[in-house]
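Here is a short report on one structure. Keep the model open while reading.

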2 protein chains.
Amino acid sequence: MLPKKDVILIKHLVLNKSDEAHKILANLHPADIVQILNEIKNGNKKLFFRMMSSSKAAEVLEEFDPFDRLHIMEEMTETETVRILENMSVDEITDLFQEMPTAQAESLLQKLPQEDYEELKALLKMAEDTAGGLMTTDYVYILSDVTVSQAIDDVRQFGQKAETIYYLYVVDDKKHLQGVLSLRELISAPRDKRIHEIMHRKIVSVHVDQDQEGVAKIISRYSLLAVPVVNEENRLLGIVTVDDAMEVMEAEDTEDIHKMAGITPEEDVVLTTTIWGASKKRILWLVICLLGDMLAGKVIHGYSHVLESVVAVAFFIPVLMATGGNIGTQSLALSVRGMATEELSRKNILQFIIGETLAGLQLGIICGSIVSVIAYIWQNNAQLSIAVGLSMSISLMLASLMGVLVPLIFHIFNIDPAVASGPFITTLVDITTLIIYFTFSLYFIDIISLDIVGVVSFGLKGVLV
Amino acid sequence: MLPKKDVILIKHLVLNKSDEAHKILANLHPADIVQILNEIKNGNKKLFFRMMSSSKAAEVLEEFDPFDRLHIMEEMTETETVRILENMSVDEITDLFQEMPTAQAESLLQKLPQEDYEELKALLKMAEDTAGGLMTTDYVYILSDVTVSQAIDDVRQFGQKAETIYYLYVVDDKKHLQGVLSLRELISAPRDKRIHEIMHRKIVSVHVDQDQEGVAKIISRYSLLAVPVVNEENRLLGIVTVDDAMEVMEAEDTEDIHKMAGITPEEDVVLTTTIWGASKKRILWLVICLLGDMLAGKVIHGYSHVLESVVAVAFFIPVLMATGGNIGTQSLALSVRGMATEELSRKNILQFIIGETLAGLQLGIICGSIVSVIAYIWQNNAQLSIAVGLSMSISLMLASLMGVLVPLIFHIFNIDPAVASGPFITTLVDITTLIIYFTFSLYFIDIISLDIVGVVSFGLKGVLV
């Protein structure tokens, strides 16, 4: 991060078109220029870009997400835009064009050099969230029968525009992927060896349709700096680099956190600039759970005679519902995150389910005892105190089990486990908890003299009617 | 991922000590061997390690987390262990020793080569979750006055054990960091130039005490493959590589998700193997919120005469509490994650707070209308219907505001915003919602004829007494 005073100084120099600004911007890292631009009003951002070389301007623009890029480019003339685009890597141009109105993208595309045009046309056809949508075609490939010294010359010559030159992909004349070699191995190898003598033939690659989260996981799993993207025939189409993988990981984690809180992931950043945009992504789970919690209300309705006799029963509804919801959310977080990081596997899943359920019971007994003592002291009613404590114990155990089990079941049926959001689990837990609580209340407080089976069936009938 | 049948075949070959197994293991990627080992019983894992070269065994062991490493090493003799340790990178050995009983670590340390001993001693003193704890000392440095061709020779010679040779750190004779050069630039430079003529003097580096999350963010921000670690005098101590940064990011995101669900982050993996271990990390927030929700019960107590008159008021307690909790959790997730990814900054924070509060009001009006209609149809009571609908609207707006504001306030007071967990927000929301609901119920259902000010003060008195 740039210190505050540097930001102010550079802002001042650029906005006053000082000559010094050229030199300062040329020496700054793109990420630091972005930091300054974030504090500049729209309309003035173009002044910065006019003071940068086109390659620097391209690097800076690449740091913004596609939507912000679009906003910045609106300030520029088409000539300025094309000059910058010519210096951007093709994967970044693709991301940008995907956000643009088709007509505008088409018009800009026409003005780019012929070779970029063909590449971009192909990339634009890929789905955004796949390896194909993420990859760049700026990589270095070499033929398998050249010598090491020829290959080093090739890298020096063709590596200028490549995103990485640290992995060299070895292909045949039809661009089928044959092997891979790191630059490190290349420069350590005897100069007269042929590439096919020293290359690795076992290659980690991804299919062009592989989803982007899977691509990021492979890069992380094998600690790669880049992974090659191939089609069905094993033809090399592009590469995905580790910095893009890190961005994907961050975006996917954000999506998981939002989903777990019952927020529908956004496809389009534009929406959040309006109030309805902010509401829209939350409304679905809110309404589903609202209807679910009306059922919880129906449980109370079914037992309203209990409340009418002993109004104190109502005082413990909040603590039972809330604690159950909390423990359910905790188990959910452990379960969903464990699956995302692959810490949970077929091997340890049963142990995990049993462990969390027993932990739920243990926590239930602890919390149940606490609440039971409070209930007794507060209301001086032993029956109520027992009913509250027992309900707490059992409902916490069930809540923990549901929090663990529901996302697993979703996973088995190939539904994203993060969809089993906190709100969803909480609603399930609310209904269960109230049924348990009122059943026990009815039994212990002894309003109607029935055996336990009769009480449960009576309670359920109350809910269903 | 290896296909299931390959896993079974390789397992079979190794467990039967087949000669073929040597060759197969030599050709497998360490991450794939880990996949197989995860399905092998403890006690048999050593058979795999005996069939691997010591460098391969070291690579495989590095893939496990320090705790699992310890378990595997328990199966081996001390000679086997030392042989593998000699091939492990120093940052990984450090992680391992930090998990070991001091006596065992000390004994192994004695048996390692003298040069490693000194390095390890120094690394072991670093705090685990800082740049110093994360860094490796296996990197390549060059002196600033050598020529490009000398430097290339140095890299070929000394780069064998280095974690990365793609960044070359330029130092003076006292190891003060002077500049940096990528291998890419080095091999493209004229052979007779001196390093100081072509190196970059502006260097992104981190201090040895910087926390590991900050280190990962810098690597991500500047799209680096590695970052140098220096002390106060700018002496180069080590480097942190991008693959370690990715692991840190994943671990930190897990920690954030757990904290948001009210789970205390674990310092020590050992704990989760016992039930109390699983319970311990959840108990803190459960009990805090349990006590908080007793206050919510106290609100109902304060208004119990309302319930005694119109028991139907109780039927809507679950839906109001749950929906408020849900919207609060949603806002919390947006707020905490926005701060973690730095999408939220001083510049847009006010806009975010206002936007989310208005979204909360909008959602409140929608959900309030729905619940109001349901209440009217179900209970045929216009006053109750209005009280429920109005309470929902206002409490959802407040819940959204609290979800956004509380983590921000924590952040201002330098408390980790993820500590403002879902359970905590939900409890705040529960209490607020019930006060609003009973106040409106009292007013609209017209049990006691008081003006609105009187009603609120009466309600508050009820809670406090």
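Which residue in strand 6 of chain A does A:Val227 stand opposite? A:Val227 faces A:Val240 there. This is a predicted model, and every value below is computed from it.

**The sheet in chain A**

That pair belongs to strand 5 (residues 226-230) and strand 6 of chain A, which run antiparallel over five bridges. A:Pro228 also has a bridge partner in strand 6 of chain A, namely A:Ile239. The two strands form a hairpin with five residues between them. In that hairpin A:Asn234 takes a positive phi near 65 degrees.

On its other pairing, strand 5 of chain A meets strand 4 of chain A in the parallel sense, over two bridges. Here A:Val206 stands opposite A:Val229.

The table sets the cross-strand pairs side by side.

| Residue in strand 5 of chain A | Residue opposite or bridge partner |
|---|---|
| A:Val227 | A:Val240, strand 6 of chain A |
| A:Pro228 | A:Ile239, strand 6 of chain A |
| A:Val229 | A:Val206 |

Together the strands make an open sheet of three, in the order 4-5-6, with mixed pairing. Strand 4 (206-207) and strand 6 (236-241) of chain A are the edge strands, and each pairs on one side only.

Two helices pack on this sheet. Helix 15 (residues 212-221) of chain A touches strand 4, strand 5 and strand 6 of chain A. Its direction makes about 135 degrees with that of strand 5 of chain A. Helix 16 (residues 242-260) of chain A touches strand 5 and strand 6 of chain A. The direction of helix 16 makes about 65 degrees with that of strand 6 of chain A.

Is strand 5 of chain A enclosed or open to the outside? Five of its five residues are buried, so strand 5 of chain A is largely enclosed by the rest of the structure. In a regular strand, side chains alternate between the two faces of the sheet. Both faces of strand 5 of chain A are covered. A:Ala226, A:Pro228 and A:Val230 are buried on one side, and A:Val227 and A:Val229 are buried on the other.

**Chain A as a whole**

Chain A has 23 helices and six strands. Its radius of gyration is 31 Å, well over the 23 Å that the globule rule gives for 465 residues, so chain A is more spread out than a compact globule. Its C-alpha atoms fill a box of roughly 95 × 60 × 40 Å along the principal axes.

The chain is divided into domain 1 (4-125), domain 2 (141-255) and domain 3 (270-464). The centres of domain 1 and domain 3 of chain A are separated by 52 Å, taken over C-alpha atoms. Of the 465 residues of chain A, 48% count as buried. Among contacts in chain A with a separation of 6 or more, 70% join residues 24 or more positions apart.

**Where the chains meet**

The contact takes 90 residues from chain A and 90 residues from chain B. On the chain A side, helix 17 (residues 275-302) gives the largest share, 17 residues. By class, that side has 49 nonpolar, 26 polar and 15 charged residues.

**A site in chain B**

B:Val170 lies in strand 2 (residues 167-171) of chain B. It is buried, with 25 other C-beta atoms within 10 Å. Beyond its neighbours within four places in sequence, B:Val170 is in contact with residues including B:Ile142, B:Ser144, B:Val180 and B:Ile195. B:Leu236 is 66 residues from B:Val170 in sequence, and their C-alpha atoms are 9.5 Å apart in space.

Terms used: Residues are numbered from 1 along each chain as its sequence is written. Chains are lettered from A and ligands numbered from 1 in the order in which they are written. This is a predicted model: local features need pLDDT of at least 70, side-chain atom pairs count only at pLDDT 80 or more; totals for chains, interfaces and linings use all residues. Helices (H or I, at least four residues) and strands (E, at least two) are DSSP runs, numbered from the N terminus. The radius of gyration is taken over C-alpha atoms; the globule rule is 2.2 Å times the number of residues to the power 0.38. A residue is buried if 20 or more other C-beta atoms lie within 10 Å of its own, exposed if 12 or fewer, and partly exposed in between; C-beta atoms are placed from the backbone. Two residues are in contact if their C-beta atoms, placed from the backbone, lie within 7 Å. Ala, Val, Leu, Ile, Met, Phe, Trp, Tyr, Cys and Pro count as nonpolar, Asp, Glu, Lys and Arg as charged, and the others, Gly among them, as polar. Two strands pair if DSSP finds at least two bridges between them. Axes are lines fitted to C-alpha atoms, for helices over the stretch in contact, and angles run from 0 to 180 degrees between N-to-C directions. Domain bounds come from an automatic or database domain assignment.
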